[in-house]
Amino acid sequence: MGSMTDAEAIALALEEAKSAGNRGEVPVGAVLLAADGALLARDGNRIVERRDATAHAEMLVLRAAGAVLGNERLTGTQLFVSLEPCAMCAGAMSLARVARLVFAAEDEKGGAVLHGPRFFEQATCHHRPAVARAGDAAGAGAMLKEFFKARR
């Protein structure tokens, strides 16, 4: 696949979120693009499936891209996520040197970019990706609400 647009990448992240929800995972999806816009990795949460608390969609695509590129530094990459990342994922993005983060829905409870610790604003954060919003935030939020409503 060639270069993807922001709209295509965030739509793909939302597809991954839906797939995760269909597997019984919290519906969060992520897509990582190379500097030239080529798709490096895509995945959804697999925490339950892998019995791994760190198997967030963002972590999975960062790991996959590192393997593809043969480098832990993902300089110039762009990460598209259906939901505002948590502190763990924000920290991993910083360490990996992701250039840009784009997400759809805000996460007032668990998010760490616009909410909570605001990870990228901390003095201890050595690399800060550019942050943007895109995609169907309402749809991504509704997917999460429906998922948790069905489990209550």
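Two residues are said to be in contact when heavy atoms of theirs lie within 4.5 Å. In this predicted model, residues 24 or more positions apart account for 57% of the contacts that have a separation of 6 or more. That is a helpful place to begin a tour of the protein.

The secondary structure comprises five helices and five strands. Followed along the sequence, these elements come in the order α-β-β-α-α-β-α-β-β-α. The radius of gyration is 14 Å, which agrees with the value near 15 Å that a compact globule of 152 residues would have. Along the principal axes, the C-alpha atoms fill a box of roughly 40 × 40 × 30 Å. Of the 152 residues, 47% count as buried. The accessible surface amounts to about 7,500 Å², and carbon and sulfur atoms contribute 54% of that surface. As for charge, the protein has 18 positive and 18 negative charges, and the mean positions of these two sets are 4 Å apart.

Helix α3 is a good element to look at next. This helix covers residues 57-69, 13 residues in total. From the first C-alpha to the last, α3 reaches 18 Å, close to the 18 Å expected at 1.5 Å a residue. Its buried residues begin with a run from Ala57 through Glu58, Met59, Leu60 and Val61 to Leu62, and Ala65 and Gly66 are buried as well. These buried residues of α3 pack against three strands, β1 (29-33), β2 (39-44) and β3 (78-83), and against two helices, α2 (47-50) and α4 (87-96). After α3 comes Gly70, which has a positive phi, near 65 degrees.

Helix α4, one of the partners of α3, is itself mostly covered, with seven of its ten residues buried. Those buried residues include three alanines, Ala90, Ala92 and Ala96, together with Cys89, Gly91, Met93 and Ser94. They pack against α3 as well as strands β3 and β4. The residue that follows α4 is Arg97, and its phi is also positive, near 65 degrees.

The loop between β4 (100-105) and β5 (130-133) is the setting for Val113, and Gly110 lies in that loop too. Val113 has a relative accessible area of 6% and is therefore buried, the cut-off being under 20%. Leaving aside neighbours within four places in sequence, Val113 is in contact with Glu84, Pro85, Leu101, Phe103, Arg118, Phe120, Glu121 and Val131. One of these contacts, Val131, is 18 residues away along the chain, and the C-alpha atoms of Val113 and Val131 are separated by 8.6 Å.

Gly110 makes an instructive companion to Val113. With a relative accessible area of 34%, Gly110 is partly exposed, because this value falls between the 20% and 50% limits. When residues up to four places away in sequence are not counted, Gly110 touches Pro85, Cys86 and Ala87. Pro85 is thus found among the contacts of both Val113 and Gly110. The C-alpha atoms of Gly110 and Arg133, 23 residues apart along the chain, are separated by 17 Å.

Definitions and conventions:
Residues are numbered from 1 along each chain as its sequence is written. This is a predicted model: local features need pLDDT of at least 70, side-chain atom pairs count only at pLDDT 80 or more; totals for chains, interfaces and linings use all residues. Side-chain values use heavy atoms; hydrogens and water are left out. Helices (H or I, at least four residues) and strands (E, at least two) are DSSP runs, numbered from the N terminus. The radius of gyration is taken over C-alpha atoms; the globule rule is 2.2 Å times the number of residues to the power 0.38. Buried means under 20% relative accessible area, exposed over 50%, partly exposed in between (1.4 Å probe, protein chains only). Accessible areas come from the Shrake-Rupley method with a 1.4 Å probe; for residues, only the protein chains shown count as cover. Lys and Arg count as positive and Asp and Glu as negative; His and the chain ends are not counted. The place of a charge is taken as NZ of Lys, CZ of Arg, CG of Asp or CD of Glu. The expected span of a helix is 1.5 Å times one less than its number of residues.
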